[in-house]
Amino acid sequence: MFKLVREMQTKIKKIVNLDELAAGHNKRKIIQQAIFTQLCQMLDPGKPSFTPKKGKPSVVMFVGLQGSGKTTTCTKYAYYHQKRGWKPALVCADTFRAGAFDQLKQNATKAKIPFYGSYMESDAVKIAVEGVETFKKENCDLIIVDTSGRHKQEAALFEEMRQVAEATKNLHMVPELSSNANFETRSCNIVMDSSIGQAAFDQAQAFKQSAAVGAVIVTKMDGHAKGGGALSAVAATKSPVIFIGTGEHMDEFEVFDVKPFVSRLLG
Ligand code: GDP
């Protein structure tokens, strides 16, 4: 974060040369405007995020710290796309947190979204593979895999996440599954609580090292936190923020819009 601030300071100094500003200019306003522009640029990693295509099978894995809102966000993401004509499905590969299965199942049932999971099976990789296979056969075009939430740096869970990512990636090698699929795309969304703050960079980087993180979703933007951690998450993963969570309900989910987000950060 310190590095980010330093970089921004340097850039602003380059853009705004206070000594050369003619008298009468509102310096404060000019600096504010420069900061606003810089923050907007920092939230733009310069490459578009993965966007699933309707009718083409995609697997999107969700990762995040425990309590970040990952499971809730999986359903929100599925519901958002369902309303726009996709055929989503949810797979609970979170075998670590007791209750994740029921939570996802309940949400999925409420939204009438097909669901795959198991009370008994503790092998997350196995569930992920079975779930993805099942829904591909059912021609679902957006298969969402919820993974175990992590506390800080748990090596074993990161390894499990890597294996889930690897296993679902290799699925398109199975001929009978790929026969009716023109192509399969995959991505991994990292879910972050808007209050994460300073720790965001290291966390996001740790996730990025284990799975191909392609996008960031910031949750709980309805609370007091401003979501400054998003700047670090974008820098660490070189991936854009795509959605924000604005409440506990399924439809409290918005496409990320950079300008209001930065206004709030500065406000
Ligand atoms: P997980 O451990 O990351 O899977 O987290 P959960 O999905 O279980 O969410 C943890 C808590 O955060 C739950 O009480 C959710 O209802 C709540 N939550 C998730 N997203 C949001 C949000 O955008 N706003 C608010 N206010 N609460 C949220």
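These notebook entries record what I looked up in the structure, which is a predicted model.

**Entry 1. The ligand and its surroundings**

I began with the ligand and asked where it sits. The ligand occupies the largest pocket. I then listed its neighbours: 17 residues surround the ligand, and those that come nearest are Gly67, Thr71, Thr72, Asp222 and Glu248. I also looked up which element supplies the largest share of this shell. That element is helix H3, residues 70-83, which contributes 4 residues.

Next I went through polar atoms facing the ligand. A polar backbone atom of Gly67 is 2.7 Å from an oxygen atom of the ligand. At Arg97 the side chain is involved, with an N or O atom 3.2 Å from a ligand oxygen. At Gly247 the backbone is involved, and one of its N or O atoms lies 3.2 Å from an oxygen atom of the ligand. I then noted how much of the ligand is covered: on its own it exposes 580 Å², of which the protein buries 80%.

**Entry 2. Helix H5**

I turned to helix H5, which runs over residues 124-137 and has 14 residues. From its first C-alpha to its last, H5 reaches 20 Å, close to the 20 Å expected at 1.5 Å a residue.

I looked at both ends of H5. At its start, a side-chain oxygen of Asp123 comes to within 3.0 Å of the backbone nitrogen of Val125. After H5 comes Asn139, with a positive phi near 60 degrees.

Which residues of H5 are buried? I recorded Ala124, Val125, Ile127, Ala128, Val129, Gly131, Val132, Phe135 and Lys136. Val125 thus appears twice in my notes, as a buried residue and as the partner of Asp123 at the helix start.

**Entry 3. Helix H9 and the residue after it**

I asked how many of the 9 residues of H9 are buried. The count is 8, so H9 is largely enclosed by the rest of the structure. The buried residues are Gly229, Ala230, Leu231, Ser232, Ala233, Val234, Ala236 and Thr237.

Lys238 comes just after H9 and takes a positive phi of about 55 degrees. I placed Lys238 in the loop between H9 and strand S7, residues 241-245. Is Lys238 buried or exposed? Its relative accessibility is 53%, and because the cut-off for exposed is over 50%, Lys238 counts as exposed.

**Entry 4. A second lysine with positive phi**

I noted the background to this entry: most residues other than glycine have a negative phi. Lys220 is not a glycine, yet its phi is positive, at about 60 degrees. I found Lys220 in the loop that joins strand S6 (213-219) to helix H9 (229-237). With 37% relative accessibility, Lys220 counts as partly exposed. Lys238, also not a glycine, has its positive phi at about 55 degrees.

**Entry 5. Strand S4**

I examined two residues of strand S4, which covers residues 142-147. Asp146 is in this strand, and Val145 lies there as well. Asp146 has 0% relative accessibility, so it counts as buried. Val145 has a relative accessible area of 1% and is buried.

I then compared sequence separation with distance in space. Asp146 and Phe62 are 84 residues apart in sequence, while their C-alpha atoms are 5.2 Å apart. For Val145 and Glu121, 24 residues apart along the chain, the C-alpha atoms are separated by 16 Å.

**Entry 6. Phe96 and Met8**

I closed with two further residues. Where is Phe96 placed? Phe96 is in the loop between strand S2 (88-93) and helix H4 (100-110). Its relative accessible area is 44%, so Phe96 is partly exposed. I looked up its separation from Pro240: the two are 144 residues apart along the chain, and their C-alpha atoms are separated by 28 Å.

Met8 is found in helix H1, residues 2-15. At 15% relative accessibility Met8 counts as buried, because buried means under 20%. Met8 and Gln38 are 30 residues apart in sequence, and 6.8 Å separates them in space, C-alpha to C-alpha.

Note on methods. Residues are numbered from 1 along each chain as its sequence is written. This is a predicted model: local features need pLDDT of at least 70, side-chain atom pairs count only at pLDDT 80 or more; totals for chains, interfaces and linings use all residues. Side-chain values use heavy atoms; hydrogens and water are left out. The expected span of a helix is 1.5 Å times one less than its number of residues. Buried means under 20% relative accessible area, exposed over 50%, partly exposed in between (1.4 Å probe, protein chains only). A polar contact is a pair of N or O atoms within 3.5 Å; within protein, one must be able to donate a hydrogen and the other to accept it, and residues adjacent in sequence count only if both atoms are side-chain atoms. A residue is near a molecule or strand if one of its heavy atoms lies within 4 Å of it. Accessible areas come from the Shrake-Rupley method with a 1.4 Å probe; for residues, only the protein chains shown count as cover. On a 1 Å grid over the protein atoms alone, a cavity is a set of points where a 1.4 Å probe fits but cannot get out, and a pocket is an open set with protein on both sides within 12 Å along at least five of seven lines; lining residues have an atom within 4 Å of a point. A molecule sits in a cavity or pocket if more than half of its atoms lie within 2 Å of its grid points.
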